[in-house]
Amino acid sequence: MLKSMIAAALAMLMAGTAAAQAPAEVLFRNVQVFDGKSDRLTAPTSVLVRGNRIAAIGSAVPAAPGATILDGEGRTLMPGLIDAHWHTILIRPTPEQAIFGDVGFTNLVAGAEARATLMRGFTSVRDLGGPSFGLKQAIDSGVVDGPRIWPSGAMITVTSGHGDFRKASDLPRDGSRPLSRMEQIGGAMVADSPDAVRQRVREQLMLGASQIKLTAGGGVASPHSPLDVSTFTPEELKAAVDAASNWGTYVAVHAYTPTAVRRAIDAGVKVIEHAHLIDDATARYMGEKGVWLSTQPFLAEEASPFQPGSSQYLKEQAVVAGTDVLYGLVRKYRIKTAFGTDILFSESQARRQAALLAAMTRWFTPAEALRMATSTNGELLALSGLRSPYEGKLGVVEEGALADLLLVEGDPIGNIRLIEDPERNFRVIMKDGRIYKNSLQDR
Ligand SMILES: [Zn+2]
């Protein structure tokens, strides 16, 4: 009896192995490729996907019998888009819901948004704060459709810093009382000494963070932090950098002002998020140090989630005013710059995710904008090194890269506005070699 059970189990195992030895193939035929790096499309060619990788590119690429053949009819094949500053859990809820609401509900809503994100062509996101580990696990195991997630876990802040959503009645903090709700759910952690920072960083790493997020200065959405303030001391920043680099990864900081940016760079921080209020000298310093800028086109005409006249609204206006100056400095000092959107608490704004990339053509050529959201963002993701949750190259169409691909109706370099309407113009969406959307049969 036992013997036959073992034999049956072995047979099942071997059947599984056999299936794994012959991964599914998908052949994109007659496509012009934007490879994520070039200024132009290739001549019509074919791209073969085997399993979750791009196996071959060329006009005479043969597909195995049984392969899925997709005739591109001259459409454009390009890498899946990457959003370098995203908050998987915090798009649809209000701040009140996100912090005090039911965690199960918050995650289910975030799951629906994750599917919408993928259907907008964003196949990877770098999550800069929020308890996204559970949803990431559900996406990776195929329970929910969504993008690949590079999670930071809780953003780490100081008392009253950006991300501290506690109320005055929660003070003074007292070790005999439980952590605040925001900390219990892993949204943000308050740390007021180098030791406390180290502990909170290591906790995020234990949960699976691929990079660490600290808020080094004031922020727009938070109730207690004016924009001009600096928060962590140099020693605290250094403690975070040490703990992250011991673990093979890096620290990214939220910072708008010259002081906050400079202090972070001097502590060994690798990526500055935002920086909309920096001056010429600080931009030059970033360029010289080779520090990454992960920033967003905050635009005056975009709807604001904040009440006009509220302190958050006024802070947002200041940051919006800095956007134009910042992209000028990026060009002047050739700062390595990633594209992200940092959308918070607004489902309708999230629908504009790809449109915000198209809006980058105010400062960059369409090819430059598309490069930023593909190969450049792919390089930024690779900064996580061995702590990256997914092995392989992203943001490019080349042999051996992970097969995250979009088949676009038309030429997005010639007309970048095509990406403003992903539902109509992204005809095929593939992530990790799997087709999540194929509207080629619909005419
Ligand atoms: Zn953010």
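**Exercise 1. Overall build**

Task: State how many helices and strands the protein has, and judge how its radius of gyration compares with the globule rule.

Solution:
- The protein has 14 helices and 18 strands. The model is predicted.
- Take the radius of gyration: 23 Å. For 443 residues the globule rule gives 22 Å. The two values are close, so the protein is as compact as a globular protein of that length.
- Now take the box. Along the principal axes, the C-alpha atoms fill roughly 70 × 65 × 40 Å.

**Exercise 2. A helix pair**

Task: Describe how helix 6 and helix 7 pack, and sort the residues of their contact by character.

Solution:
- Two packed helices are described by the angle between their axes and the distance between the axes.
- Locate the pair. Helix 6 spans residues 194-207, and helix 7 spans residues 234-246.
- Read the geometry. The angle is about 30 degrees, and the axes lie 8 Å apart.
- Classify the angle. Angles under 35 degrees count as roughly parallel, so helix 6 is roughly parallel to helix 7.
- Assign the hand. The crossing of helix 6 and helix 7 is right-handed.
- List the contact. Helix 6 supplies Pro194, Val197, Arg198, Val201, Arg202 and Leu205. Helix 7 supplies Glu235, Glu236, Ala239, Ala240, Ala243 and Ala244.
- Sort these residues. Eight are nonpolar, four are charged and none is polar.

**Exercise 3. An open sheet and its helix**

Task: Give the strand order of the open sheet of three strands, find the edge strands, and place helix 3.

Solution:
- The order is 6-7-8, with parallel pairing.
- Find the edges. Strand 6 (81-86) and strand 8 (148-151) each have a single partner strand, so one side of each has no neighbour in the sheet.
- Add the twist. From one strand to the next it averages 15 degrees.
- Check one pairing. Strand 7 (residues 122-127) pairs with strand 8 in the parallel sense over four bridges. Within this pairing, serine 124 has arginine 148 of strand 8 as its bridge partner.
- Place the helix. Helix 3 (residues 103-119) packs on the sheet and touches strand 6 and strand 7. Its direction makes about 125 degrees with that of strand 7.

**Exercise 4. A hairpin**

Task: Work out in which sense strand 17 and strand 18 pair, and name the residue with a positive phi in their hairpin.

Solution:
- Strand 17 covers residues 426-431, and strand 18 covers residues 434-438. They pair in the antiparallel sense over four bridges.
- Pick a facing pair. Valine 428 stands opposite asparagine 438 in strand 18.
- Inspect the turn. Two residues lie between the strands. In this hairpin, aspartate 432 takes a positive phi near 55 degrees.

Conventions. Residues numbered from 1 in each chain as written. Predicted model: local features only at pLDDT ≥ 70, side-chain atom pairs only at ≥ 80, totals over all residues. Heavy atoms only, no water. Axes fitted to C-alpha atoms, helices over the stretch in contact; angles between N-to-C directions. Parallel < 35°, antiparallel > 145°, perpendicular 65-115°, else oblique. Left-handed = near helix turned anticlockwise from the far one by under 90°. Contact = heavy atoms within 4.5 Å. Nonpolar A, V, L, I, M, F, W, Y, C, P; charged D, E, K, R; others polar. Pairing = 2+ DSSP bridges. Rg over C-alpha atoms; globule rule 2.2 N^0.38 Å.
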